Amino acid sequence: MDLGLTGKRIMVAAASRGLGYGIARQLALAGARVSIAAPTEPAIHQAAERLAEEFGAEVVSFAFDARDRESILRWRDGTLERLGGIDGLVINAGGPPAGCFDDFDDAEWQAAFDLTLLSAVRMIRAVLPSMRRGGGGSIVTVTSSSVKEPIDVLLLSNVMRSGVVSLAKSLSQQLAPEGIRVNNLVPGSINTDRLKALVGARAEALDRAFEDVWAERSAAIPLGRFGEADEFGRAGAFLLSDAASYITGETLVVDGGAMKTVW
Ligand SMILES: NC(=O)c1ccc[n+]([C@@H]2O[C@H](COP(=O)([O-])OP(=O)(O)OC[C@H]3O[C@@H](n4cnc5c(N)ncnc54)[C@H](OP(=O)(O)O)[C@@H]3O)[C@@H](O)[C@H]2O)c1
């Protein structure tokens with residue numbers, strides 16, 4: 001199947017490592033021209049160099065913080081300057097902190113809103129003029145299984161990410177006549193630094209060995225293991241590509257069968 005990604009100009013947020021990097025890697029492999037961004041320099045530039053070296057791909061990189069409107073605009077402007085247009089966008093950022101209702105005051109709710117939901121609004125707003133000029137585009141959000149099955153200790157994620165999915169569904173209706181598709185990706189448990197940190201924290205809380213908790217949790221997934229960033233990345237590349245030209249407003253789960261919900 002030809003994904004039709006050759007030459008497509010795609011921005012991927014939070015892509016120095018983990019899920020964002022996994023998507024950027026598959027896009028580079030498929031011949032897209034990729035613009036990646038993340039807060040930490042030089043890590044984001046090193047990630048771009050790795051991808052360029054591995055695939056001979058054109059990958060440009062920018063320092064940016066999803067919570068900062070100006071840095072989103074700088075990334076957008078830099079991408080337009082270097083790549084000449086925007087055909088795709090991946091919305092991604094670090095996750096909000098864990099905790100339950102009594103743990104958070106207004107400032108923490110506001111910070112989670114800025115990081116997860118307002119950042120999505122701002123990134124979409126930033127790329128729409130260019131997509132409209134180009135006659136279409138594809139937007140993909142990276143969310144969490146919490147949008148389908150709330151996770152007890154991740155209240156901020158449950159609420160803010162559900163807002164992102166609702167935003168994507170609403171915009172998919174509004175933007176379809178302009179040829180702009182909007183979809184969500186839901187990672188289950190994908191082997192990234194974040195997953196290792198979560199399993200490590202759990203092991204510490206239980207006073208158990210990291211390897212034991214890792215093995216136990218991965219064995220509980222129907223496919224018997226955690227996912228890899230490349231497997232997640234392939235799903236992202238598909239949704240961004242012309243191969244998914246009739247898919248919009250959808251939420252694609254990549255979780256090895258972990259989720260039990262039927263919708
Ligand atoms: N991995 C999973 O199984 C899983 C499951 C459900 C949901 N998620 C969610 O998916 C997202 C990505 O997770 P991951 O596993 O890829 O995490 P990760 O391996 O920790 O990587 C996080 C990426 O986000 C960047 N980042 C952090 N804060 C940012 C900010 N304020 N603005 C822009 N970029 C920022 C990091 O850049 P720096 O290194 O420069 O900080 C890094 O590139 C998170 O929101 C996470 O909660 C992941």
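**Reading two helix pairs**

Mentor: This is a predicted model, so let's begin with one helix pair in it: α6 (residues 193-206) packs against α7 (residues 210-219) at an angle of about 115 degrees, with the axes 9 Å apart.

Trainee: How do I read that angle: are α6 and α7 roughly parallel or roughly perpendicular to each other?

Mentor: Angles of 65 to 115 degrees count as roughly perpendicular. α6 and α7 are therefore roughly perpendicular to each other.

Trainee: And is the crossing of α6 with α7 left-handed or right-handed?

Mentor: Right-handed, as α6 passes α7. On the α6 side the contact uses Leu195, Lys196, Val199, Gly200, Arg202 and Ala203, while α7 brings Phe210, Val213, Trp214 and Arg217.

Trainee: How many residues of each class does that contact of α6 with α7 have?

Mentor: Six are nonpolar, one is polar and three are charged.

Trainee: Now α1 and α2. At what angle do their axes cross?

Mentor: Roughly 30 degrees, for α1 (residues 18-29) and α2 (residues 43-55), whose axes come within 10 Å. Angles under 35 degrees count as roughly parallel, and α1 and α2 are therefore roughly parallel to each other. As for handedness, α1 passes α2 in a right-handed crossing.

Trainee: Which residues make the contact between α1 and α2?

Mentor: From α1, look for Tyr21, Ala24, Arg25, Ala28 and Leu29; from α2, look for Ala47, Arg50, Leu51, Glu54 and Phe55.

Trainee: How do the residues of the contact of α1 with α2 divide by class?

Mentor: Seven are nonpolar and three are charged, with no polar ones.

Conventions. Residues numbered from 1 in each chain as written. Predicted model: local features only at pLDDT ≥ 70, side-chain atom pairs only at ≥ 80, totals over all residues. Heavy atoms only, no water. Axes fitted to C-alpha atoms, helices over the stretch in contact; angles between N-to-C directions. Helix = DSSP H or I, 4+ residues; strand = E, 2+ residues; numbered from the N terminus. Parallel < 35°, antiparallel > 145°, perpendicular 65-115°, else oblique. Left-handed = near helix turned anticlockwise from the far one by under 90°. Contact = heavy atoms within 4.5 Å. Nonpolar A, V, L, I, M, F, W, Y, C, P; charged D, E, K, R; others polar.
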